[in-house]
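Got the viewer open? Here is a short tour, one selection at a time.

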Amino acid sequence: MTTTDHHIEFPPSAAGSGNAATMSFQERQKVTAQADPARVDLLATAVLTAVHDIVRRHEVSYAEYDALKAWMIQVGEDGEWPLFLDVWVEHAVEEVANAAREGSKGSIEGPYYVPGAPSLGAEGALPMREDEQGTPLLFHGLVRNVGGDPLPGATVDIWHADNDGYYAQFAPGIPEWNLRGVFITGPDGSFSIRTIQPAPYQIPTDGSCGALIRAAGWHAWRPAHLHLKVSAPGHLPVTTQLYFAGGEHVNSDIAQATKPELILSPVAVDSGAEVRYDFVLDPQ
Ligand code: DHB
Ligand code: FE
């Protein structure tokens, strides 16, 4: 991308964020042929039986059945399957995957992670524009094991939306690695990140997910959040999110991905806001 591509030509939209999320997923995923027929049979039958139950219980009409068909076709055309699944399904998968974890709570990854962000050492500022809007935030802490020992050389991969709720590489007009970076904890297990507080995120409203939200009378918002992947050799990596106490939609996240343990309470400082959070990694 050249700098001239960075003008906002159209607002983030189904045609933008949705399709970009689909392409990003298709580039990154490696589906291994691990389909155990017994498991496919079990899960596919369970899904279909649940759908049949709903049709009977709620006496679904042909008009409603056709509306569903049309809507599902449109979700694919808009490239919004990653958005749909990550907003309305992933939280349950995450709950099951991380049920046995003793250390830090996980949360959903969402559709906007991109590997390969700039490596920034143990402390520094995330890449940002000269006029990056938003309250400056100093986010620091330790990575530890479940025994409480600090983990030097742990990786803290962080990405988040800007002050308008948009993600670099998924909305137009934002430099490639804006508000994305990888930190490596120092000898004492510490990291220190300078960034800005993100804004709440609105699911793109002009595509099929937006159409569903409007048709059902729901709202389209996730509370402001930081995304993180924290890992260290010999430990289970954790994918999580951190939210802000008192923030809009913290108690009404459309993606149902908040947890009490994941809420930060930054304090005001001269430069903006500051908060500490320690991550705890389970052994592998
Ligand atoms: C979606 C976006 C997010 O930023 C997130 O954290 C989870 C889901 C989405 O649009 O699907
Ligand atoms: Fe997000």
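A salt bridge here means a side-chain nitrogen of Lys or Arg within 4 Å of a carboxyl oxygen of Asp or Glu. With that in mind, select Arg28, Glu109 and Lys229: these residues are linked in a network of salt bridges. Keep in mind as you look around that this is a predicted model.

Stay on the network for a moment and zoom in on Lys229 and Glu109. Their closest N and O atoms are 2.8 Å apart. Now colour by position along the chain, and you'll see that this pair links distant parts: Lys229 belongs to strand S8 (residues 225-231), while Glu109 is in the loop between helix H5 (90-97) and S1, with the two positions 120 residues apart. Are these two residues buried or exposed? Both Lys229 and Glu109 are buried.

Next, pick Arg129 and Asp162, another salt bridge, with 3.0 Å between the closest N and O atoms. Arg129 sits in the loop between S1 and S2 and Asp162 in the loop between strand S3 (155-160) and strand S4 (180-184), so this contact ties together parts that are 33 residues apart in sequence. Switch on a surface and compare the partners. Arg129 has 25% relative accessibility, so it counts as partly exposed. Asp162, on the other hand, is buried, with a relative accessible area of 3%.

One more of these for the collection: select Arg276 and Asp278, whose side chains meet at 2.8 Å, N to O, in a salt bridge. How many salt bridges does a search of the whole structure find? The count is 8.

Time for the metal. Select ligand 2, the iron ion, and show what coordinates it: the OH of Tyr167, plus NE2 of His225 and NE2 of His227, at 2.0 to 2.1 Å. In sequence, the donor residues follow the spacing Y-x57-H-x1-H. Check the surface again around the histidines: both His225 and His227 are buried.

Last stop, strand S5. Select residues 190-196; 5 of these 7 residues are buried, so the strand is largely enclosed by the rest of the structure. Add strand S1 (residues 123-125), which runs parallel to S5 and is joined to it by 3 bridges. Then add strand S2 (residues 136-145), which pairs with S5 in the antiparallel sense over 7 bridges. To see where these pairings come together, centre on Ser192 in S5. Ser192 is the bridge partner of Glu123, and His140 also stands opposite Ser192.

Definitions and conventions
Residues are numbered from 1 along each chain as its sequence is written. Chains are lettered from A and ligands numbered from 1 in the order in which they are written. This is a predicted model: local features need pLDDT of at least 70, side-chain atom pairs count only at pLDDT 80 or more; totals for chains, interfaces and linings use all residues. Side-chain values use heavy atoms; hydrogens and water are left out. Buried means under 20% relative accessible area, exposed over 50%, partly exposed in between (1.4 Å probe, protein chains only). Helices (H or I, at least four residues) and strands (E, at least two) are DSSP runs, numbered from the N terminus. Two strands pair if DSSP finds at least two bridges between them. Donors are N, O and S atoms within 2.8 Å of the metal (3.2 Å for Na, K and Ca); water is not among the atoms, so sites may look incomplete.
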